[in-house]
Amino acid sequence: MPSPRNGTDGGLRSVLAALDLLDCFASADELGVSEIARRLGLAKSTVHRLLTTLCARGLAEKNPHTSRYRLGFRLYELGQLAISRFELRQAALPLLEELRERTGCTIHLAIPDGADIVYVERLQTLRGMRLMTNVSRRLPAHCTSSGKAIAAFDPAVAQARRAAGFPQLTSCSIRSAADYDRELEAVRRTGYAVNHDEALVGLSSVAAPVRDHEGRARAAISLVGLSREIESAIERNARLAQAAANKLARTLCL
């Protein structure tokens, strides 16, 4: 009979395996048992058992048409609850809505997480085609204007990105630490960051950092649109993003 300690360790391993399994869906809408097993290095029987448990709690669900698995609605509910309690998002939302009304752009609010940025709010444009609907809410910091705006004023984020490297999302993505450092220096000079087709070809953006009283970036606000539209009005869009970011910092007393 296993000791209580071994039983506890086994339970912890199961929890960690379930969390790793859920993380697999960050880059895929649906996955089959075999693919998850390959990604995690687990037996298919183990993956099937984990999925059965997650499905029972609403954290995952099986698509009856494809027999593949996807995230469950319960995760969406929990995520929305967490976001609704997120002070930064609550304070920013009126400013983001005003910015969308004035520019017609898709508006993002992003925060840093290691070498990446995470979009905690995305307000889609009210005119024309919806943008970035299939783009992850987590992206490498060097491929986005928000990531560059934050990294320019947060050395920890910049260093984390250098250590993690510079994966290429498009042919326009930053490729080296030297290019990255030059870009961040330009952001520090101007107070805003620009992304030209670096995360998705055809889309560009302008972002401004939300900085605390010590000057460290805590978040960033960005305007996203078709490249030809963003690039024809970079300075105007930058001023609007900066005004919104500065107002948010004052609202939060950062």
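Which residue forms a salt bridge with Arg-188? In this predicted model, the partner is Glu-185, and the closest N and O atoms of the two side chains are 3.4 Å apart. Both residues sit in helix α8, and because they are three residues apart there, about one helical turn separates them. An α-helix has 3.6 residues a turn, so residues three or four places apart point the same way. As for surroundings, Arg-188 is partly exposed at 38% relative accessibility, and Glu-185 also counts as partly exposed, at 37%.

Helix α8, which covers residues 177-190, has another charged contact to look at. Here Glu-183 meets Lys-148 in a salt bridge, with 3.0 Å from N to O. Lys-148 belongs to helix α6 (residues 145-151), so this pair ties together parts of the chain that lie 35 residues apart in sequence. The two ends of the bridge sit in quite unlike settings: Glu-183 is partly exposed, with a relative accessibility of 26%, whereas Lys-148 is buried, at 0%.

Moving on to the strands, Asp-113 and Arg-138 make a salt bridge too, and their closest N and O atoms are 2.6 Å apart. This one links distant parts of the chain, with Asp-113 in strand β3 (residues 106-113) and Arg-138 in strand β5 (residues 138-140), 25 residues apart. Asp-113 is partly exposed, its relative accessible area being 37%, and Arg-138 is partly exposed as well, at 38%. The story doesn't stop with two residues, though: Asp-113 and Arg-138 are linked with Asp-116 and Arg-161 in a network of salt bridges. Counted over the model, salt bridges come to 17. As a general point, side chains of opposite charge can pair when their charged atoms come close.

Next comes strand β7, made up of residues 203-211. How much of β7 is buried? Eight of its nine residues are, leaving the strand mostly covered. Strand β7 pairs with strand β6 (residues 193-196) in the antiparallel sense, over four bridges. Within that pairing, Asn-195 has Ser-205 of β7 as its bridge partner. The two strands form a hairpin with six residues between them, and in the turn Asp-197 has a positive phi of about 60 degrees.

Strand β7 also runs antiparallel to strand β8 (residues 217-226), and nine bridges join the two. Leu-203, for instance, stands opposite Leu-226 in β8. This pair of strands makes a hairpin as well, with five residues between them. Its turn holds Gly-215, which has a positive phi of about 90 degrees.

Finally, there is helix α5, which takes in residues 87-103. Its 17 residues reach 25 Å from the first C-alpha to the last, close to the 24 Å expected at 1.5 Å a residue. Even so, the helix has a kink of about 40 degrees at Leu-93, shortly before the proline Pro-94. The buried residues of α5 include several leucines, among them Leu-88, Leu-95, Leu-96 and Leu-99. Two arginines, Arg-89 and Arg-100, are on the buried list too, along with Ala-91, Ala-92 and Thr-103. Just after the helix comes Gly-104, with a positive phi near 75 degrees.

Notes:
Residues are numbered from 1 along each chain as its sequence is written. This is a predicted model: local features need pLDDT of at least 70, side-chain atom pairs count only at pLDDT 80 or more; totals for chains, interfaces and linings use all residues. Side-chain values use heavy atoms; hydrogens and water are left out. A salt bridge is a side-chain nitrogen of Lys or Arg within 4 Å of a carboxyl oxygen of Asp or Glu. Buried means under 20% relative accessible area, exposed over 50%, partly exposed in between (1.4 Å probe, protein chains only). Two strands pair if DSSP finds at least two bridges between them. The expected span of a helix is 1.5 Å times one less than its number of residues. The bend at a residue is the angle between axes fitted to the seven residues ending there and the seven starting there.
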